[in-house]
Amino acid sequence: MNERLKMSSWLGSALVLCALIALWWVASNLGWVSRVFLPTPQATWDALAEGFNLRGNGHGELAGWTLDTVGRMLQGWLLASLAGVALGVFIGASAAARAWLQPMLEFIRPLPASAVLPVAIAIFGLSPRMVLVVAFGAMWPVLLATVHGLATVDARLAEVTRCLQLSRTAFILKIGLPHAMPDILAGMRLALTVALIVAVVGEMIASQGGLGQAILLAARAFRASELFAGIVLLGLIGFVSNGLLAFAEHKLLRWQR
């Protein structure tokens, strides 16, 4: 039953995607929107093929830019995950630390990543420390998720650890982190998306090689097909990375089921 439900969900998603592409084709080919702003799907594919030199007659710069962006995203995400979990454990495992820092965390929670980007640039500067800027922007979902996961541990489990005379470190490793793991992994999935956004915006601001700069230059030159090719690539990067992390989350949390 579950397999059939998954298949129907995938089929529905594929049909919606095909319908959107068909609408895109109709709107661009029938002139509903000028091709200066909305290229055809074929023109977008041609820009992708040329950018990756799939036909042997392109410059192939898009592949290098994609690797630059993915590299910054992954490095920043890994640093953000490590820093977020470490700070989250420090805050979440201490009631006093939560009492002091919770108002600041609630202030930071609704801020979009792009809002803290100028602060991160002012602190860390631009190239070659752009990865630290990405990490700073993407750290908050992991930090907040870790704090929440540790703060919601059942009080009876804390009493059991006191009866067993377990140390605080043992409590964190054996009870706190396993209990918080679903929240942490959910925060890491969100942080991966934020890392991609911050990396792209940072490339636009800092004029560093990557998909962000490629999209910005294409927009300024009214090269709509290259602009949409970059957007399609960003969507694929986000889709694939989220799918891989969701698969890892499913495997890591198998013990809960």
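## Exercises on a predicted helical model

Setting aside neighbours within four places in sequence, Glu 249 is in contact with Pro 182, Leu 185 and Arg 189, where contact means heavy atoms within 4.5 Å. The structure is a predicted model, in which local features need pLDDT of at least 70 and side-chain atom pairs count only at pLDDT 80 or more, whereas totals for chains, interfaces and linings use all residues. Residues are numbered from 1 along each chain as its sequence is written, and side-chain values use heavy atoms, with hydrogens and water left out.

**Exercise 1.** Determine in which element Glu 249 is found, and state whether this residue is buried or exposed.

*Solution.* Step one: Glu 249 belongs to helix H10, which spans residues 224–252. Helices (H or I, at least four residues) and strands (E, at least two) are DSSP runs, numbered from the N terminus. Step two: the relative accessible area of Glu 249 is 16%. Buried means under 20% relative accessible area, exposed over 50%, and partly exposed in between, with a 1.4 Å probe and protein chains only. Glu 249 is therefore buried.

**Exercise 2.** Describe the overall secondary structure and the extent of burial of the protein.

*Solution.* Step one: the protein has 10 helices and zero strands, and its pattern along the sequence is α-α-α-α-α-α-α-α-α-α. Step two: the C-alpha atoms fill a box of roughly 75 × 55 × 35 Å along the principal axes. Step three: 38% of the 257 residues count as buried. Step four: of the contacts between residues at least 6 apart in sequence, 67% join residues at least 24 apart.

**Exercise 3.** Characterise the exposed area and the charged side chains.

*Solution.* Step one: about 15000 Å² of the protein is exposed, and carbon and sulfur atoms supply 69% of this area. Accessible areas come from the Shrake-Rupley method with a 1.4 Å probe; for residues, only the protein chains shown count as cover. Step two: there are 18 positive and 12 negative side chains, and the centres of the two sets lie 7 Å apart. Lys and Arg count as positive and Asp and Glu as negative, while His and the chain ends are not counted. Each charge is placed at NZ of Lys, CZ of Arg, CG of Asp or CD of Glu.

**Exercise 4.** Identify the helices that each supply at least two residues of the lining of the largest pocket.

*Solution.* Step one: the largest pocket has a volume of about 410 Å³. Fifteen residues form its lining; those closest to the pocket centre are Leu 17, Ile 21, Trp 24, Thr 44 and Val 232. On a 1 Å grid over the protein atoms alone, a pocket is an open set of points where a 1.4 Å probe fits, with protein on both sides within 12 Å along at least five of seven lines; lining residues have an atom within 4 Å of a point. Grid points are joined across faces, edges and corners, and a volume is the space filled by probe spheres set on the points. Step two: the helices are H1 (2–29), H2 (41–51) and H10 (224–252). Step three: H10 gives the most, with six residues.

**Exercise 5.** Compare the surroundings of Phe 222 and Val 153.

*Solution.* Step one: Phe 222 lies in the loop between helix H9 (211–220) and H10, whereas Val 153 is found in the loop between helix H6 (130–151) and helix H7 (155–163). Step two: Phe 222 counts as exposed because its relative accessibility is 55%, while Val 153 is buried at 13%. Step three: phi of Phe 222 is near 55°, a positive value in a residue other than glycine. Most residues other than glycine have a negative phi. Step four: leaving aside neighbours within four places in sequence, Val 153 is in contact with Phe 171, Ile 175, Gly 176 and His 179.

**Exercise 6.** Which residues does Gly 202 contact, leaving aside its neighbours within four places in sequence?

*Solution.* Step one: Gly 202 is found in helix H8 (residues 168–206). Step two: its relative accessibility is 0%, so Gly 202 counts as buried. Step three: beyond those neighbours, Gly 202 is in contact with Leu 117, Met 130 and Ser 207. Step four: the C-alpha atoms of Gly 202 and Phe 171, 31 residues apart along the chain, are separated by 39 Å.
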